[in-house]
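Hi,

Here's the structure I said I'd pass along. Have a look at it first, and then read on for my notes.

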Amino acid sequence: MGAKKGAFETVLGTGWARLRGQVARMTRREDAEDLLHEAWVGIAERQVDAANSAALLARSAANLGIDAYRRERRFAATTGADTMRVAETIVDLHPLQDEMLIARHRLERLRLGVAQLSPRTREIFLMHRLDGRKYREIAQDLGISQSAVEKHIAKAMGHLTDWMEHW
């Protein structure tokens, strides 16, 4: 029992994030963390001893994901299209008011940070980020080297990252 517990504790301590990513890739589901946790509980309840505990957890979680996918498909098939249309009309996909307010404040903060850049750095940054222009195009239009453009962009990004972080 001690060896088994140690192997699974190692997975918990060092490999959980890696396993979660593996399960997410295997199942293509957003609930990989939940699947992994459910697999962990199931294995712990059955007191299974495994030579490769990480592989057992990943496979168990993937199987749970497959089962969930099948249940969801079965439910969708039995509820019919009318129920799905009703559900789609009920769901409000618009952001909440507080989310909109926070986004507006962040945008205003970003605008103030961009305004603090030197005129040349601001021009180059906006040409790249807003107009979607490549460094080489900006360099040709402004008659400067591509390296200078890169330095202006790096300077702007560094400033804006610090500006937004300490908000």
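Below is what turned up when I went through the salt bridges. Bear in mind that this is a predicted model.

Searching the whole structure gives four salt bridges.

Let's start with helix 4, which covers residues 97-115. R111 pairs with E108 there, and their closest N and O atoms sit 2.6 Å apart. The two are three residues apart in the helix, so about one helical turn separates them. As for accessibility, R111 comes out partly exposed at 49%, and E108 is partly exposed too, at 35%.

Next is helix 5, residues 119-129. Here E123 makes a salt bridge with R120, with 3.9 Å between the closest N and O atoms. Again the partners are three residues apart, about one turn of the helix. That 3.9 Å still counts because the cut-off is within 4 Å, so keep it in mind if you're strict about distances. E123 has a relative accessible area of 35%, which makes it partly exposed, and R120 is partly exposed at 35% as well.

Then there's E137, which forms a salt bridge with R133, the closest N and O atoms being 3.9 Å apart. This pair doesn't stand alone: R133, E137 and D141 are joined into one network by salt bridges that share partners. On the accessibility side, E137 is partly exposed with 28%, and R133 falls in that class with 21%. R133 counts as partly exposed because buried would need under 20%.

Shout if you'd like to go through any of this together.

Cheers

Definitions and conventions: Residues numbered from 1 in each chain as written. Predicted model: local features only at pLDDT ≥ 70, side-chain atom pairs only at ≥ 80, totals over all residues. Heavy atoms only, no water. Salt bridge = Lys/Arg side-chain N within 4 Å of Asp/Glu carboxyl O. Helix = DSSP H or I, 4+ residues; strand = E, 2+ residues; numbered from the N terminus. Buried < 20%, exposed > 50% of the residue type's maximum accessible area, 1.4 Å probe, protein only.
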